[in-house]
Amino acid sequence: MKRYILVLLSAITLAGTACEERLDLEPQGAPSSANFWKTEEDAIAGVNSIYALYSSNSMYGSGAFWYVNASDDISTKATGNADRYKYFQLDGNESETRSVWSIHYQAMKRANDAIRNIPSIPMEEKMKKRLLGEAYFNHAVMHLELAYRYGDHRAGIPIQNRENPEDIYIPRAKSVADNYAYIVADLQKAAELLPFFSELNKSDYGRAHNTAAWAYLARTYLYAKDWENTVKYADLVINSGQHRLLENYADVFTIASNWSPEYIWSVTNSAQFPNSVGSIFPGIMLEDKGWGLYNGWGQIYPTKELVDSFEPNDERKAVTILETGDKFMFFGEERTYNVGAFKVSASNRSGYQFNKYMEPYSYPNPTGTYINANGNRPTTAMNVPLLRYADVILMKAEALLMLGRNADTEINQIRERAGLEPIAGATMEDLKRERRSEFAGEWTDRHWDLVRWGDAQKVYAQPLHHADGHVIYEGRSFNPSVHHVWPIPPDEIRASKGTLTQNEGW
């Protein structure tokens, strides 16, 4: 996605200018300009405009990542609304996440415009299929990310009227099951239309591809608790020959591996100012003020509970966490974490730091090449993963265990790469531990795992600790009938003219 976004951003801006203001102002989208959607160039620009939203601070830029704060793996700088997320005291007006709902619907609206208009545009059939597949895929991903965060059996989220974009006041689906069914249909259509990643030109890396659609089908069915279909679509990815685990876990989190076989779907990042597309999540995790060398935001840190959860000899621990005394490369020199000039700041709540996204900072003079020269927009040249091949393997393992079947092969694949001994007769507890160790500090965050497993209430009742052992968060009250979803932003409810209702209990 990197190259085509950088090259075509100006085209996106020009193509979207005629309708952009209306798109932003209308709840859940508005019709496109009648002067658009005439040519192949319009179709490309229209689909590219969906991807352009990925860099928004309300999307993967940073906003959508704020919800990971609920997890027992995470501590945050004690500023603003941080503790409101931690203690489930939100009202939906929080500045960090207030626009997450609306920007996802804006992306879905742009996808629907493409789906509705591209079929009638004269162009080469291969290009038409790919663009339509990308639109279906992006709609499904945006839809899924809202569905399991805001919808449940009592009420799903609104499903836009794809054929009539003027119908903008839409009630919630009766159940999130209706959303999952809609998402599945979109992803199946996307998979039919999209090429494999290996068939893409390098200039198109980052665009949706076939196995990404299958992987998201597995994820959708996992949340829908349809275990057989989770296994089915995970196997399609596994047997496709398109992906594999990298031999070294640390290699996953490097610029060189942005398009590795472990990549399935990620936020494509650039360090080039002023474009600086991508996620600022790495900069948010970097030590506050970056020890005077870079403007790290220092907002998200690991807890002692996460650090202590790794098995002895698990190679993922050092890749994931920086502890006092650990050696690491920073601006071309070896440093010692939390020692001397590299002691943690007063705002570091836990005494640790996440290490997964540090590789771009390791080079001599990285600013402008590997990290953004604008420290207020701290993107890097390393993609931020949203769905990795390891996740597909562990989704299959979870589904197999829920079906009462053996998942040793899948779980041991993950353990072997981590340098751990294989196990026999793997249980759900083994699966839970592997997911926590494998994905700590990533978009596939532990909070939603705990909610899905029904473990959140028990886990969150326990206090969380600093590296030195003192309590940084008291045990929290998680009500599984309320806090399993987030509150819908009140602004969206007011704008809906009575068609949108708040989640119960918020």
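**Exercise 1. Work out which span helix α5 should have at 1.5 Å a residue, and decide how the helix sits in the rest of the structure.**

Step 1. The model is a predicted one, and in it helix α5 covers residues 125-150, which makes 26 residues.

Step 2. The expected span is 1.5 Å times one less than the number of residues, and for α5 this comes to 38 Å.

Step 3. The end C-alpha atoms of α5 are 37 Å apart, which agrees with the expected value.

Step 4. Since 23 of the 26 residues of α5 are buried, the helix is largely enclosed by the rest of the structure.

Step 5. At the start of α5, the backbone nitrogen of Lys126 has a side-chain oxygen of Glu124 within 3.1 Å.

**Exercise 2. Describe strand β8: how many of its residues are buried, and which strand does it pair with?**

Step 1. Strand β8 runs over residues 384-388 and is mostly covered, for five of its five residues are buried.

Step 2. Its partner is strand β2, residues 263-267, and the two pair in the antiparallel sense over four bridges.

Step 3. Following one residue across the pairing, Tyr263 has Arg388 in β8 as its bridge partner.

**Exercise 3. Classify the ring pairs Phe36 with Trp37 and Tyr67 with Tyr85.**

Step 1. Two quantities are needed, because a pair of aromatic rings is described by the distance of the centres and the angle of the planes.

Step 2. The whole structure holds 42 aromatic pairs. In the pair of Phe36 and Trp37, the centres are 5.1 Å apart and the planes stand at 70 degrees, so this pair is edge-to-face, and both Phe36 and Trp37 are buried.

Step 3. For Tyr67 and Tyr85 the centres are 5.9 Å apart and the planes are at 65 degrees, so this pair is edge-to-face.

Step 4. This second pair links distant parts of the chain, with Tyr67 in the loop between α2 and β1 and Tyr85 in helix α3, 18 residues apart.

Step 5. Tyr67 counts as buried at 5% relative accessibility, and Tyr85 counts as buried at 0%.

Step 6. Tyr67 and Tyr85 also belong to a cluster linked by ring pairs, whose members include Trp66, Phe88, Tyr148 and Trp506.

Step 7. Another member of that cluster is Tyr460, and Arg476 lies over the face of Tyr460, at 4.2 Å from the ring centre. In a further case of this kind, Lys86 lies over the face of Tyr473, at 4.9 Å from the ring centre.

**Exercise 4. Decide whether Lys396 and Lys77 are buried or exposed, and find the side chain that each one meets in a polar contact.**

Step 1. Lys396 is found in helix α12, residues 389-402, and because its relative accessible area is 13%, Lys396 is buried.

Step 2. The side chains of Lys396 and Glu410 are joined by a polar contact of 3.3 Å.

Step 3. Leaving out residues up to four places away in sequence, Lys396 touches Val231, Ala234, Asp235 and Ile238 as well as Glu410.

Step 4. Lys77 has its place in the loop between β1 and α3, and with a relative accessible area of 15% it is buried.

Step 5. The side chain of Lys77 makes a polar contact of 3.4 Å with the side chain of Asp288, and among the other residues that Lys77 touches are Trp297, Ser347 and Arg349.

**Exercise 5. Compare the settings of Asn313, Lys497 and Leu500: where is each one found, and is it buried or exposed?**

Step 1. Asn313 is found in the loop between α10 and α11, and its relative accessible area of 67% makes it exposed. Although Asn313 is not a glycine, its phi is positive, at about 75 degrees.

Step 2. Lys497 is found in the segment after α17, and its relative accessible area of 64% makes it exposed. Lys497 has a positive phi of about 55 degrees, although it is not a glycine.

Step 3. Leu500 is found in the segment after α17, but this residue is buried, with a relative accessible area of 4%.

Step 4. Beyond its neighbours within four places in sequence, Leu500 is in contact with Trp101, Pro158, Arg172, Ile488, Glu492 and Ile493.

Terms used: Residues numbered from 1 in each chain as written. Predicted model: local features only at pLDDT ≥ 70, side-chain atom pairs only at ≥ 80, totals over all residues. Heavy atoms only, no water. Buried < 20%, exposed > 50% of the residue type's maximum accessible area, 1.4 Å probe, protein only. Contact = heavy atoms within 4.5 Å. Pairing = 2+ DSSP bridges. Polar contact = N/O pair within 3.5 Å; in protein donor to acceptor, adjacent residues only side chain to side chain. Phe/Tyr/Trp six-rings, centres within 6.5 Å; stacked < 30°, edge-to-face > 60°. Lys NZ or Arg CZ within 6 Å of the ring centre and 35° of its normal.
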